[in-house]
Every structure is written in structure tokens, then in C-alpha cells.
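Could you walk me through this structure in the viewer, one selection at a time? I would like to know what to pick next and what is found there.

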Amino acid sequence: MTEFTLQDQIRDRAKQLLASEQVKCVIGYEHGSRGQVRPAFIHQINDVDSLVWNQGCTHNLVTYLRDIKGTFGSDEHLQRVAIIVKPCDSRALNVLLAEKQIEREHIYVIGVVCTGIVEGAGYAGQSSDKLQTRCVRCSDRVPVIYDLLVGEPTHPEITDDYVDLTELEAMPPAERAAFWLKQYERCILCYACRQVCPGCYCSTCMFERDDSLWVGIAAGVKEKEAFHLGRAYHLAARCIGCDECERVCPMELPLSLLNHKLAKEVQRLFHYCAGDEPSQSPLATMLAEGEEFPA
Amino acid sequence: MTPYLGRLVGKKDLGTDIKLLQVELVEPNGKARFADYRPGQFAFVSALGIGEAPFGIASTPSGNGLLEFGIAKVGSVTAALHSLEVGEIVGVRGPLGNGFPMDEMKDKNICVLGGGIGGAPLRPVIRDILDQRSDYGHLTILWAARNPSLLVFTDEYDLWRSAPNTELHVTVDEGDEEWKAAGGNEGLITQLLETIAPSPENAVTITCGPPAMLHFVTLTLHELGFSLDQMWTTLEARMHCGICKCGRCNMGDKFVCTDGPVFRQDEVAGFLETYL
Amino acid sequence: MKYISREALQTWLDRLANDVTLIAPRLVDDILLYQSVSSAREIVLDYTRPKMSAKEVVLPSSEPILFVEKRGQEVSLTEPSSGAQIIFGLRPCDAHGIAVLDTVFVGQEPIDLNYARRREAITLIGLSCPQMREDCFCTSMGGMPNDPTHFDVLLTEVEDGYAVNTVTDKGRTLVDHLNLEEIKGEPAEPIINETESVLAQEHWPDLFADHYWDLLAERCLECRMCAYLCPVCRCFDVQDQVTQQGISYSKYDRLRCWDSCTGTNYRVVAGGHNPRATKGQRLRNRFFCKFHYFPVEYDHSGCVGCGRCIEACPVNIDIVEVMRDISRAFNASQISNASPDAEKGVTA
């Protein structure tokens, strides 16, 4: 089984990195309770053998680098952290690198060749053999950034057909609006979608400002709509499509459809795919020194 | 959770972004509810349409339903309260919390230590003592702020200084030209405390200020020979109800709103959580 | 036992739905929730556990607690009123949760009038669980899948119908006129899971400073899901919302909305200081609140063992695992106190 090999390779490198004190911590996966796989933070060599790699490793661990300074020491004393990434996750690294949220020298990237994650991964008693939707359409089998590549690279001929969007795109606007409002209605504003997202790193979310500048604290459908649409637009050309937001949603909002639609438009208009390169999103504009906003 | 209505009848600057708001309760119910309250108790003041926030009551019961609050502009509610015009209506909910046990302090020497806006809930303590001056022993007031513009109730210094058996010492972390020219103290309140060195004999201390100040004042007092059960403090916490329902202000198994906000330092030392 | 047939139950529920706001397990986009129904047909009777607890019926996720009207300089305040509601199909853990909320909001002075007003008009009709889910642990938290204690009426499924246990006077007024038939026999006992041992509240402080909390929190995402799904978590935030604003006339709602201690800025005070600055401190508060603070303040655990947080947590922070870890760590510390060479701490 390749999976055992990959897992062994991950453990071997984790041991080396910790033993040589090249990294302070290895962020990977471990077995949790009730047969679940969960994120693991390995600080000691003795714990390395709890690291696992299998098709249940759904979590995008890059999200734990958002607050790398807060978590792993101050600016001056930041110690290097090793992180295990799937190809999709690795593209989130590029987003954070481009946006100067992390520095390349602060991370050691163990990239894993991925053949897809199964549905129900990360939860108890729900694992199946069926691949997640995002994995079925995924052509990235090799991480875009790594220090160590684990696994044999393959390059399957798959192109995203956006078939998940067909039904929604065919709806007349009013019907589509009604569909989304019905979804938002269920939202409980637990903010898990935001918290799990590597791209959502603002220290105070604009939708949670104490002064209610953009939305109030009411849990009404208007507030929920503003939050989800606002988040989707903030992630346009930045979302790398890991769909963790959808996975973690306790109310099963189909959030991937929002993000995927925007990714499609960004691809169409700008020929840009978030995270392919450590480059700023084409939608991020800023004025250079001396430049003025066009009248 | 429904406030009493009050009319803003006075508003004056206490310092940079700090105002004293005078509120007159308009309903008989509200007046009755606030007919009596203790130094150290607090109330929620509403800027209607924005929200409410808790403030230590800076006045002593006047019998005419007049309340005073020293309010620093730090957030949306306080900004809204600052921008109110005299005559406008606010909401007031309280009095809440335990307050200082003034009876237990009778006949004792008292050292009051106020830092910045933390001086506001201490003003009624000082007033209470001065109003019944012979009931208490010696009163030492140590008054501090980061800079001179953040010192509160400066116009009452003369009143405090002239009271019998009372001394006032003021310091700022960093003085401006005027302050320096006048020979004002510069340095932390703990340094001032070390210099004044009040005797722990038959004495209690009452402190209010930012968390770091409380912490270091406690250490200094300890060095001066005060034991934790001689030190009283009033704590600040984010809260939304004041009646131990919202769950916000817990420090370990204690609620700042109903178990406090006034605590003795030996109680605080026993809490699972710290305010630091 | 008193007995109601399936058909008679349907008729009764239809009438209740007609007379009052009837809240019952209902599918909303394939997700089972306690929500208002207009007829018995909408009610799902074969279910394990709705996704959300029934907390939102007694403590809505966002509700006005005060209406403010401003005409010129004249201000008038109105408190909201609340109509009669019946929750049908409530599981015993959820009723237990409401009972704990009752203790917090109306069991201690000063009482929360807003909660009291709404709660008084709510009747609880329960449905026993025939068995526990794998992640259920109500029996470890003082409950039972067929515990009638916190209901007004509890139904338990029997052949072709339900056994009816009328618990309170409120329940009696509802059930009396149904002229239920008395039949022989008792409903079957539920199948229950093995009981977890919960470390006694007085021992929790021994583990307050343990490194365990920081390690546990490493994977915590700091979302609020666990608190929002929890039947007991009750923290709230209050803010005003403008509903109408004009020169001479304005209206505001004072809203209270759910909040959670796991959020980063939950404890931040004016001026920016955060006394619970680390994730570990915040997650620790969640568990201490349930197993130490609640028992101390309210003489009752802050967890009813419904298992929702276990099912939903996307990073597998499992409250039962935490309970086991803490018990094990405490026992280990007792042993290590006896022999000083032994290792200490949960992680040892």
C-alpha cells in the first residue's frame, strides 16, 4: 500500500526535522477519537509515530499558519514549523506568502501527492470510498510548493467542468436569490467557515466589529447574507477551493458553490487561479507611491 | 434588563476623551431605585440606539435622582455617550454589584489609589469618607495617570487637600512642560507609593486602575507590609447584563458583576483566573 | 399506563398546531431541526437527535429584549411579549438543557424577566429515545433516554402508539381532555451506553494550570459551533439596532444574541486588554464552565450529554475524550503525589 509508504516517509522526515531542531513543531494528521482523523501538532520525536496519512486527511492545515507569530513565537524568535500539505492546501500557502502573512523561511513544507480525500472525512462513522466533489474535479496531484515531496507525481488529464454550478447558473436570478436566502436562513453564524479558512485571517472580521459598521449583531437572514456574500467576495481570486468551509458547516450550507462560481469567473476574466503562484490576486488593487485614484 | 430613563443634565471634560456625565433620573421608579447606593457599585448607561455599557457610579446618593459617571471614550457606546447633548435622554440600569464595604473600613486609615479613569469609581469612596470624616482614620490619596491630561477630578484636589487628616499625592508617568515646570511628580504610582510608604498598621487600601497597575500596586503594598486581606480593589470586565446571566464576566467561578466588582485581594488571589 | 394511538396523536398534534405555536422536529433542507410546524404531517417522529438543541426556543439566537421609541426628546421603552408555545418531540437531553437554563435565568435572583416571560408560556412534550447514539452520554450527566423529569408530558413509543406520562399540572391541563385509555404493560426500557465517569467538580481546579489545555486548543478553530449547538451554553451579547431613524422619530431594538467564550475577543475589555488571550485559556474556560463553574454556581453540570458538539466539531475536540483525559490525569496525579518519581500531567 502506497499510503503506508507515504506515512512512513512523513514520519521519517518529521523525526529528522525535530531531532535536528530544524523545526519546532510538525503540523500533520493523527487518529482521533471515534475513528476520526484530526489535525496534530507534533512537538516531540516520541510523538512522531502518531502521524498518519490516508484518504481521511481532509483538513487544510495551512489555516493554522494564519497566526504563526502568535502561535510559534514573536517576530524575532519565530521558529520554523513543518507542515504537511496536500496539493490544494499548498496553494493556500502561496496565497499567504503573496499576502505576506507567512515567510517562506519560517515553514518547512512536506508536500504529499494526493489521489483525493473521501467524503465524510474528519467525522465519525461517515467515511465512504467516494471521493469528495472537489477531489473528483481536481487535477492537482502534486503540491505547487514543497521542501520534500512525498509520493510519486502523477498528472491526470482532468479539467474543471464546473458541472456543480450548472443547475444554479440556469436559474433565473429571482429563483437563485430565493435558493440562497433559504440556505442563509439556516446559518447559525458560528463562523466556522471563516475560522477554518486559511484566507480569512483578519484579526477582527469586518462583520464582527463592535461598532456594527457593516452589519449588526442580529442573527437575521440579511445579516447572514451580508456575511456570506461579503466573505465570498473577499475570497474571490484568493480561495483555493479546499472546500473546508463547506465541510465544517454544521448546517450544511453549500458554500463551495459560491466560491467555485467566483473562481470560475476569475478564471474566465483574468485567466487566474488562486494559489498557482505566490502572486497577488488580480482583484487586489493598490495605489503605488504618488499614484492617484482615477477620477 | 429594562433601564430607567434619565436626562443628561450636565456634561464636562475631565480629561482628554474623558467626560463627566450628569444624569437626572426622570421616573419616580428610577429615583427610588437609586435613592441609595454604595461607593463601588456600578450601573449600565445606555446610548439609546447604540447600546449600553457598565460604569462605576462616580457620585454619592444625592436624594434628587442625580447620578454622575466618569466616562472615557474607548468604544462605540462611550463615543455615543460623549456626543450626546445636554437634555437628551439616556437609559440607566442599576445600581449593580456589591460596592465597597465602607462600614468595615470605619476607624481605619485608608489609602486610595486611583489610576486614570480608574479614579472615577473611587470618587464616591473619597466623598463618603470626607462626608463622615470623623468615622475614618487618616486618608491618603494617591492619584495617577499616564499624562496630566488624563488625571480626573483635578478640580476637587483642593477640596480633598483641605479636608482634615487627608493627604493627596499626584503623579504622572510622563509630564508635559507645564507639569515639569510646576514641579509635579513623574513616575509610576508604585514609585509614589514606595515614597509615601503608608503604614499597614490598622489600614486598608482601595485600588482601581488598569490591570497592570493593580498587579504592581498589589506587589508594592505587599512589600510595604500590607497583607492581601487589607487590600480592596474593583475589577473591570466585559459584561452585558450585570445580573450574572450573560456569562461574560466570569473570572473562574466568580462573576465580576454580582460577586464583585469589589473584591479583597485575598479573594482575587484565590480565583482560578487572573485579570492580567 | 396511559396510551395514545398514532392516529389520535396526529389528530391531537394537528389541533395543537392550530391553537398555539407548535415546535417539533421537522426537516429543513434535509436537516432535522426543532422548528414551528403548521400540521402534524410535517413532524418527523423517527429520528435520533435534531441538529440544533431546543435552546433557541427558550433563548433565541437573536431576540429583541427592549423596544425603544424616540419622539423628539420623548423616549418610551416597551418590553416584548411572548405567546404560548409547545415543543413536541423534545428529547430528554434537550429538556434537561432547558431545565439547566431555567436554573441560570430564573432559578437565581435577580431573575431574567425576558427569559421568564417566554419560558412561562412554553410547554414541553417529550419523546423518549429508544436507544442512545454512539456519541450520546446523557446517562453520564444525570439523565436517561426516557427521563420524564424535565417535561410536562413525556411520550414513549410502544406498539402502535405511545405511552403517555403526564408529569406536571401544565401537562395535565393539556392531556386531561384527551380521555386517554389506560392499558396494561410498560414501555420497553431504552438501550443505554456505558456510563462515563466525570471527575468531581472540586478536583477540576487541580488541572487548571495543566499544559493539556494549550495542547488541546492547538487544533481548535475558535468557531462557536460547539456553544451554539449546546443545549446549555447561554452566553450572550447585547447591542442596539436601529430599525427606523428620522429627525423627529426613531425606533431601536435592543437585541441580545448568542455569543461564545471560544471566540478570540470574547473577554476583551475596553482599552483592548484580553485577560483570556490564548486559545488554550479560552477552550479551558469552556470545559471548566461545564464541569466546575456551573456545578459551583448552580449546583448542576453545564453539560447534559447530548453529544452534539462531538458530532459537529470539525477538528474532533471530543468532550467525552476530554472528560476521560482529565479523570485519568487527576488519578495519575494522585498516584504521583503518593510516589514523587511518577510522571505528572495529562500528557505524561
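Here is a tour in four stops through a predicted model.

**Stop 1: the sheet of chain A**

Start by showing chain A as a cartoon. You will find 5 strands in an open sheet, ordered 2-1-3-4-5, with mixed pairing. Now colour strand 2 (37–42) and strand 5 (148–150) of chain A: both are at the edges with a single partner strand each, so one side of each has no neighbour in the sheet. Turn the view to follow the twist, which averages 30° from one strand to the next.

Next, select strand 1 (residues 25–31) of chain A together with strand 2 of chain A; the two are antiparallel and share 6 bridges. For one of the bridge partners, pick A:Ile27 and look across to A:Phe41 in strand 2 of chain A. Then add helix 3 (residues 87–98) of chain A, which packs on the sheet and touches strand 1, strand 3 (81–85) and strand 4 (107–112) of chain A. The direction of helix 3 makes about 135° with that of strand 3 of chain A.

Before leaving chain A, show A:Arg194 and A:Tyr191 as sticks: A:Arg194 lies over the face of A:Tyr191, 4.2 Å from the ring centre.

**Stop 2: where chain C meets chain A**

Bring in chain C beside chain A. The contact involves 39 residues of chain C and 40 residues of chain A. Together the two chains bury about 3100 Å², with 52% of it on carbon and sulfur atoms. To see where chain C loses the most area to chain A, select C:Glu218, C:Leu221 and C:Gln239, which together make up 19% of what that side buries.

**Stop 3: aromatic rings in chain C**

Over all chains, the structure holds 23 aromatic pairs. Select C:Trp213 and C:Phe287: their ring centres are 6.0 Å apart and their planes are at 25°, so this pair is stacked. C:Trp213 belongs to helix 6 (residues 212–217) of chain C and C:Phe287 to helix 8 (residues 279–298) of chain C, so the pair ties together parts 74 residues apart in sequence.

Keep C:Trp213 and add C:Phe288. This pair is edge-to-face, with 5.7 Å from centre to centre and 70° between the planes. It too links distant parts of the chain, joining helix 6 and helix 8 of chain C across 75 residues.

Are these residues buried or exposed? C:Trp213 is buried, at a relative accessible area of 1%, and C:Phe288 is buried as well, at 0%. C:Phe287 is also buried.

Now widen the selection to one aromatic cluster: C:Trp204, C:Phe208, C:Tyr212, C:Trp213, C:Phe287, C:Phe288, C:Phe291 and C:Tyr293. While C:Phe208 is in view, add C:Arg284, which lies over its face at 3.5 Å from the ring centre.

**Stop 4: inside chain B**

Finish with chain B and select strand 7 (residues 109–115). Here 6 of the 7 residues are buried, so strand 7 of chain B is largely enclosed by the rest of the structure. Strand 7 runs parallel to strand 11 (residues 203–208) of chain B, joined by 6 bridges, and B:Gly114 stands opposite B:Cys208 in strand 11. Strand 7 is also parallel to strand 8 (residues 139–145) of chain B, again with 6 bridges; there, B:Leu113 faces B:Leu142.

For a last selection, take helix 2 (residues 76–83) of chain B, whose buried residues are B:Val77, B:Thr78, B:Ala80, B:Leu81 and B:His82. Their cover includes strand 1 (4–15) and strand 6 (89–96) of chain B, among others.

How values were computed:
Residues numbered from 1 in each chain as written. Chains lettered and ligands numbered in written order. Predicted model: local features only at pLDDT ≥ 70, side-chain atom pairs only at ≥ 80, totals over all residues. Heavy atoms only, no water. Pairing = 2+ DSSP bridges. Helix = DSSP H or I, 4+ residues; strand = E, 2+ residues; numbered from the N terminus. Axes fitted to C-alpha atoms, helices over the stretch in contact; angles between N-to-C directions. Contact = heavy atoms within 4.5 Å. Phe/Tyr/Trp six-rings, centres within 6.5 Å; stacked < 30°, edge-to-face > 60°. Buried < 20%, exposed > 50% of the residue type's maximum accessible area, 1.4 Å probe, protein only. Lys NZ or Arg CZ within 6 Å of the ring centre and 35° of its normal. Buried area = accessible area lost by both parts, 1.4 Å probe.
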